[in-house]
Amino acid sequence: TEIYTLSLHDALPICFSSVSVQSDRVYLGTLGDSTLRAWLTRTGRRLWSTVTSGGLESTAALGGGRVFVESNDGTLYAFDGASGHLDWSQSIGGAATSPTLVDGVVYAAGYFTMNAFIASTGALLWSADLPGLVRSVPAVADGKVFVSDESTTALVALDASTGTQLWGTKIHKGSVQLASPVYHRGKVYLCTSGGLYAIGARAGYHYWVEPQGCDQDTTPALANGVLYTDGDGQTWAFSDQTGALLWSASSGGGDGPPAVANGVLYVTTDTGTIQAYDIATHALLWTSRHTGSHESGPAVVNGMVYVGGSNGLYAFGLPPS
């Protein structure tokens, strides 16, 4: 089925962030000009933009009418989602990652710390030292904060209420650890340059590791018991229980995280397109037009696929029937 481009607006200088969508608004930060932008989802009309104090590699966390992003100079921002007005900001000591919002608390990693703030006010709840440099997004679930670091190559679990370290476990030593952990039903899944890991959330037990199908900067997508990853120029599908390879496809996969919605897997490619696969038949359904080079991952909301590229913000959808 052919797809169409709904909106295309100004070139985006160096876009590593993924798109965030809530209600009728889409948000995206850019590294090259340290700017957070907001558009209307259905028309692509620009609503506002605001410049931060450092480049934005951060994917925005959304909630309570606010947009939360981290700038690379180590500032956590909370902007009003409708107007772009700054509600509050806090220094977190360096950042090249994204915040996570859970139950009114924003969890944000500095280079060597994990911090928890009240989302409505910015008040600090706790700050905990971490064993190594962090460039991945924390996963928060089951009363724990899971974060991977690249200095000691460990996955660490913290108490979400106090910041107390509960356990840490070594993972494959890679040059950089950018992929973020994904939690599901008592396990934490993590891509590294040494493969895909399944680690027990309670105590850090290693259930299995699959050596192929991963790189160090692509966070896996999980749907219906299947983990989807990009690595080595291919898209891969693994069982979340055993790590067994279910299928793979040559996609020329990019660095953006894949997304799954309504039985379709969306992946970015190194050639600047999006590919859509039927997860039941593994067939390639369509390939988008060229969006320019990007590291951005797709966001799928209400039948639309949004992605940021060097040529602008794109929205794709099925044509009207």
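Hi everyone, let me start with one contact: the side chains of Asn115 and Thr113 are joined by a polar contact of 3.2 Å. Before I go on, please keep in mind that this is a predicted model.

So, staying with Asn115: this residue lies in strand S12, which covers residues 113–118. Is Asn115 buried or exposed? Asn115 is buried, because its relative accessible area is 5%, under the 20% cut-off. There is a second polar partner as well, since the side chain of Ser127 makes a polar contact of 2.7 Å with the side chain of Asn115. And what else does Asn115 touch, once we leave aside neighbours within four places in sequence? The contacts are Ile92, Val106, Tyr107, Ala108, Ala109, Gly110, Leu124, Trp126 and Ser127.

Now please turn to Thr169, which you will find in strand S17, residues 165–170. Thr169 has a relative accessible area of 13%, so it counts as buried, the cut-off being under 20%. Its side chain joins that of His206 through a polar contact of 2.7 Å. His206 also appears among the contacts of Thr169 when neighbours within four places in sequence are left aside, along with Thr153, Ala154, Leu155, Ile199 and Gly204.

Let me move on to the strands, beginning with a sheet. Here four strands make an open sheet in the order S6-S7-S8-S9, and the pairing is antiparallel. At the edges sit S6, residues 61–63, and S9, residues 86–91, each pairing on one side only. From one strand to the next, the twist averages 20°. If you zoom in on S6, you can follow its antiparallel pairing with S7, residues 66–71, over three bridges. In that pair, Ala61 stands opposite Phe68 of S7. As a quick reminder, strands of a sheet pair through backbone hydrogen bonds, in either a parallel or an antiparallel sense.

Next, have a look at S31, residues 304–309. How many of the six residues of S31 are buried? Six of six are, and the strand is mostly covered. Both faces are covered, with Met304, Tyr306 and Gly308 buried on one side, and Val305, Val307 and Gly309 buried on the other.

S31 has a strand to pair with on either end of the numbering, so let me take them in turn. With S30, residues 299–301, the pairing is antiparallel over three bridges, and Ala299 has Tyr306 in S31 as its bridge partner. S30 and S31 form a hairpin with two residues between them, and in the turn Asn302 has a positive phi of about 50°. With S32, residues 312–317, S31 again pairs in the antiparallel sense, here over six bridges. You can pick out Val307 standing opposite Tyr314 of S32.

Finally, the pocket. Rolling a probe the size of a water molecule over the atoms shows where empty space is left. In this model, the largest pocket holds about 1300 Å³ of space. Which residues lie nearest its centre? They are Ser18, Thr59, Val137, Thr219 and Pro257, out of a lining of 47 residues. Several strands give two or more residues to that lining: S2 (20–22), S6, S14 (139–141), S18 (182–184), S22 (221–223), S26 (259–261) and S30. You have met two of those already: S6 is an edge strand of the open sheet, and S30 is part of the hairpin with S31.

Thanks for listening, and I'm happy to take questions.

How values were computed:
Residues numbered from 1 in each chain as written. Predicted model: local features only at pLDDT ≥ 70, side-chain atom pairs only at ≥ 80, totals over all residues. Heavy atoms only, no water. Buried < 20%, exposed > 50% of the residue type's maximum accessible area, 1.4 Å probe, protein only. Pairing = 2+ DSSP bridges. Polar contact = N/O pair within 3.5 Å; in protein donor to acceptor, adjacent residues only side chain to side chain. Contact = heavy atoms within 4.5 Å. Axes fitted to C-alpha atoms, helices over the stretch in contact; angles between N-to-C directions. 1 Å grid on protein atoms, 1.4 Å probe; cavity = no way out; pocket = protein on both sides within 12 Å on 5 of 7 lines; lining within 4 Å. Points joined across faces, edges and corners; volume = space filled by probe spheres on them.
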